[in-house]
Amino acid sequence: PDADEATLASTAEDVAQEITPTIDDLFTNGYLDPSNWRNGDYEEVFATFAPDAVATAEESVETLTLGATAGDVFATVNPGKSKLSYQVLFDPDGAVDTAVVTVVFRATAERKDGTYLAIVSEGEFFLRQIDGWTITAFDVKRDDHETQPPSPSASTSPSG
């Protein structure tokens with residue numbers, strides 16, 4: 001009841017800035033970096049999880065990444081418009097306890113057969129300070145669906 005809300009809000013904003021690279025790395029390594037998904041090698045993804053959460057993350061490889069056999073299926077993956085939102089939980093003394101990041105990640109993948117898949121990953125990641133911000137738990141679902149090829153961009157250069 002006697003919390004300094006301005007200080008807590010400022011701290012929460014700082015925490016959001018600190019944990020964004022962890023979430024960016026997770027999705028870049030899990031979906032966008034072809035050196036990972038072409039070989040089904042997601043060690044960089046699992047490195048963002050706390051030791052107690054790694055086994056669960058590895059069991060959820062098909063949900064947390066493009067998938068173990070993505071290199072057999074996909075030719076390219078391009079990021080779409082995604083969204084992060086944050087909740088920072090404080091202990092009774094005003095210290096940061098846990099950060100919850102709600103993610104909506106979107107990408108478009110072209111399959112080797114020329115068809116396209118809209119990749120949609122939504123859920124929450126729970127992070128705590130354990131040698132840096134580390135994912136301790138997650139609740140994520142995939143809602144991928146067929147899509148059309150992206151529209152070609154209009155050229156802004158003059159013709160001639």
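# Asking around a predicted model

Guide: Let's start with Arg-111: its side chain makes a polar contact with the side chain of Glu-146, at 2.8 Å. A word on the model: it is predicted, so local features need pLDDT of at least 70 and side-chain atom pairs count only at pLDDT 80 or more, while totals for chains, interfaces and linings use all residues. Residues are numbered from 1 along each chain as its sequence is written, and side-chain values use heavy atoms, with hydrogens and water left out.

Visitor: What makes the link between Arg-111 and Glu-146 a polar contact?

Guide: A polar contact is a pair of N or O atoms within 3.5 Å; within protein, one must be able to donate a hydrogen and the other to accept it, and residues adjacent in sequence count only if both atoms are side-chain atoms. The pair here joins two side chains at 2.8 Å, so the distance falls within the 3.5 Å limit.

Visitor: Is Arg-111 buried or exposed, and how do you know?

Guide: Its relative accessibility is 16%. Buried means under 20% relative accessible area, exposed means over 50%, and partly exposed is in between (1.4 Å probe, protein chains only). So Arg-111 counts as buried. Arg-111 sits in strand S3; helices (H or I, at least four residues) and strands (E, at least two) are DSSP runs, numbered from the N terminus.

Visitor: What is Arg-111 in contact with, leaving aside neighbours within four places in sequence?

Guide: Val-73, Phe-74, Ala-75, Tyr-116, Leu-117 and Glu-146. Contact means heavy atoms within 4.5 Å.

Visitor: How many helices and strands does the protein have?

Guide: Six helices and six strands. From the N terminus on, the order is α-α-α-α-α-α-β-β-β-β-β-β.

Visitor: What makes you trust the length of H1?

Guide: The expected span of a helix is 1.5 Å times one less than its number of residues. For the 28 residues of H1 that gives 40 Å, and the end C-alpha atoms are 38 Å apart, which agrees. There is a kink of about 30° at Ile-19 in H1, shortly before the proline Pro-21. The bend at a residue is the angle between axes fitted to the seven residues ending there and the seven starting there.

Visitor: Why is Val-15 called buried?

Guide: Its relative accessibility is 4%, so Val-15 counts as buried. This residue of helix H1 touches Val-88, Val-96, Ala-99 and Trp-133, not counting residues up to four places away in sequence. Val-15 and Val-96 are 81 residues apart along the chain, yet their C-alpha atoms are separated by 8.5 Å.

Visitor: What makes a group of residues a nonpolar core?

Guide: It is a set of buried Ala, Val, Leu, Ile, Met, Phe, Trp, Tyr and Cys residues joined through side-chain atoms within 4.5 Å. The largest one has 34 residues, and those with the most contacts inside it are Phe-27, Tyr-42, Phe-49, Leu-66, Phe-125 and Leu-127. Elements that each supply at least two of its residues include H1 (5–32), S3 (96–111) and S4 (116–129).

Visitor: Why are Phe-49 and Phe-138 called an edge-to-face pair?

Guide: Rings of Phe, Tyr and Trp (its six-membered ring) pair if their centres lie within 6.5 Å; planes under 30 degrees apart count as stacked, over 60 as edge-to-face and the rest as tilted. Phe-49 and Phe-138 are 5.6 Å apart centre to centre, with 75° between the planes, so both values fit. Phe-49 lies in the loop between H3 and H4 and Phe-138 in strand S5, so the pair ties together parts that are 89 residues apart in sequence. By this rule the count comes to six aromatic pairs, and Phe-27, Tyr-31, Phe-49, Phe-105, Phe-125 and Phe-138 form one aromatic cluster.

Visitor: How do you know where Thr-136 falls between buried and exposed?

Guide: At 28% relative accessibility, Thr-136 counts as partly exposed. Thr-136 is found in strand S5, and among the residues in contact with Thr-136 are Ala-50, Ala-53 and Phe-126.

Visitor: What makes Asp-131 stand out?

Guide: Asp-131 has a positive phi of about 55° although it is not a glycine. Most residues other than glycine have a negative phi. Asp-131 lies in the loop between S4 and S5, and at 84% relative accessibility it counts as exposed.
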